[in-house]
Amino acid sequence: MTYLKILGQKKLKGSIDISGAKNASLPLIAAMILAKDEVLIKNIPNVVDINTLLKLIVKLGGTFNKKDNKLRISTKALNSTKANYDIVKTMRASILVLGPLLARFGHCEVSLPGGCAIGQRPVDLHLKALEQMGAKITINHGYIEAVCKDGLKGAKIVFDKVTVGGTENILMAASLAKGETVIINAAKEPEVIQLCEVLKDAGVEIQGIGTSKLIIQGTNKKLLNIKSFSIIPDRIEAGTYMCAAAITKCELTINKIIPLHLEAIISKLEEMNCKLIQNETSITIIPTNDIKPVNIITSEYPGFPTDMQAQFMALATQANGTSTIDERLFENRFMHVSELLRLGANIQLNGNIATINGTPNKLNATDVMATDLRASSALVLCALVAKGQTNIHRIYHLDRGYENLDKKLKNIGAEVSRSNKT
Ligand code: EPZ
């Protein structure tokens with residue numbers, strides 16, 4: 001199987017252009033089920049998760065054409081409402097077709113996604129909210145069977161927990177429902193905001209965008225006139241490369257970003273003693289030779305993102321002192337710890353809190369295994385500073401969410417290549 005070889009301790013220099021956000025693209029592709037006509041989406045990242053969702057759209061009867069980060073997609077001819085296990089099992093975000101399929105057709109069957117490496121990740125909040133909107137939901141042979149003969153009706157939904165995917169699913173369902181839906185305790189992530197804005201541009205009345213209370217007036221099954229739009233930059237990809245600058249102590253400029261989306265990440269890098277020069281769409285990281293330890297608690301946006309936790313753990317291994325990371329969103333998102341230990345890091349785990357005893361320049365290259373997408377990027381970061389050649393196995397995890405990672409790293413001077421040899 002293909003693995004990534006990284007020769008550590010190379011000097012990096014230059015700039016990196018950030019791709020469109022995977023986690024904004026996925027709900028927006030699902031939202032195309034609500035569209036009347038073909039839609040052109042720009043700045044789509046070329047990553048495996050996007051291709052997986054497009055495969056599902058094709059299985060449902062949709063069509064698409066993707067070239068140079070431009071995606072033309074049409075769901076006019078959808079003729080199936082079943083999302084099969086073979087696709088859903090490979091990508092949990094497939095659950096995002098549930099709300100739009102049900103709202104448009106009044107029935108659908110979507111495979112239950114099951115657990116994943118970072119935790120149990122139930123979808124109970126999505127289902128409860130759809131039931132409140134009038135859907136009858138049964139779980140049969142591992143499939144969610146949802147029916148609402150007379151269409152979904154607006155309702156007041158109070159999410160027990162802030163859920164990104166749950167908010168997105170209900171936003172899409174509410175757009176075609178009859179009457180007003182109020183979502184209380186909605187997620188405020190930039191990716192949720194972009195979904196709201198695209199739906200609003202298509203004529204759906206939405207109040208409270210960017211707040212925890214969203215009020216949506218549904219079109220009563222009238223399909224939407226969705227206009228062409230461009231995907232927002234990937235804040236997690238940007239944060240990962242900002243950590244690459246900090247960990248290698250090399251100045252890098254990160255282009256094509258929205259600095260406002262990166263505030264929690266910027267603030268932690270500053271606490272760790274890095275200087276950041278911000279422009280409207282770029283940030284230059286002036287690293288420090290004396291990385292300070294940091295304490296991080298993951299939370300919903302605008303707090304520190306769980307999707308950046310592993311990368312900051314990698315960075316904390318190079319700090320002068322002891323850092324802590326308290327993971328509050330997912331119960332099993334420390335799978336990277338045992339791999340970082342193999343590289344020579346000193347980390348203790350106690351429940352959902354990791355204590356990282358940093359010592360600069362102590363990592364030694366070895367073979368490591370990627371366990372999930374962000375865990376993989378932590379291994380890449382450590383490999384950039386480890387002595388010798390690190391081989392990162394199971395890199396299909398990386399390809400799910402980082403566009404052209406090898407090329408982007410090579411362009412700034414890293415020695416990175418892929419190999420199939422055993
Ligand atoms: C989204 O996942 C992202 N995925 C994740 O990105 C990200 O880690 C996560 O939000 C948190 O920011 C996409 O956007 C495609 P949630 P999602 O529903 O929507 C619990 C990456 O690396 N919960 O906000 O699935 C859940 O178990 C990833 O790109 C329920 O209990 O996350 C978790 O503890 C992986 N019941 C918390 O809520 C539900 O019905 C937040 O999950 C739904 C969620």
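Sorted by class, the shell around the ligand holds 10 nonpolar, five polar and seven charged residues. This picture comes from a predicted model. The shell counts 22 residues, and the ones that come nearest to the ligand are Thr163, Val164, Gly165, Asp307 and Leu329.

Some side chains also make polar contacts with the ligand. Asp307, already listed among the nearest residues, has a side-chain N or O atom sitting 2.6 Å from a ligand oxygen atom. Two arginines turn up here as well. In Arg374, a polar side-chain atom is 2.8 Å from an oxygen atom of the ligand, while for Arg333 the corresponding distance to a ligand oxygen is 3.3 Å. As for cover, the ligand taken alone would expose 830 Å², and the protein buries 88% of that.

Which helices give two or more residues to the shell around the ligand? They are H1, spanning residues 22–31, H5 at 124–132, H6 at 164–175 and H12 at 373–385. Val164 and Gly165, both among the nearest residues, fall at the start of the H6 range. Arg374, with its polar side-chain atom 2.8 Å from a ligand oxygen, falls within the H12 range.

H12 also has a helix for company. Its axis and that of H8, a helix made of residues 235–248, come within 9 Å and cross at roughly 20°. Angles under 35 degrees count as roughly parallel, so H8 and H12 are roughly parallel to each other. As for handedness, H8 passes H12 in a right-handed crossing.

Conventions: Residues are numbered from 1 along each chain as its sequence is written. This is a predicted model: local features need pLDDT of at least 70, side-chain atom pairs count only at pLDDT 80 or more; totals for chains, interfaces and linings use all residues. Side-chain values use heavy atoms; hydrogens and water are left out. A residue is near a molecule or strand if one of its heavy atoms lies within 4 Å of it. A polar contact is a pair of N or O atoms within 3.5 Å; within protein, one must be able to donate a hydrogen and the other to accept it, and residues adjacent in sequence count only if both atoms are side-chain atoms. Accessible areas come from the Shrake-Rupley method with a 1.4 Å probe; for residues, only the protein chains shown count as cover. Helices (H or I, at least four residues) and strands (E, at least two) are DSSP runs, numbered from the N terminus. Ala, Val, Leu, Ile, Met, Phe, Trp, Tyr, Cys and Pro count as nonpolar, Asp, Glu, Lys and Arg as charged, and the others, Gly among them, as polar. Axes are lines fitted to C-alpha atoms, for helices over the stretch in contact, and angles run from 0 to 180 degrees between N-to-C directions. Angles under 35 degrees count as roughly parallel, over 145 as roughly antiparallel, 65 to 115 as roughly perpendicular and the rest as oblique. A crossing is left-handed if the near helix is turned anticlockwise from the far one by less than a right angle, and right-handed if clockwise.
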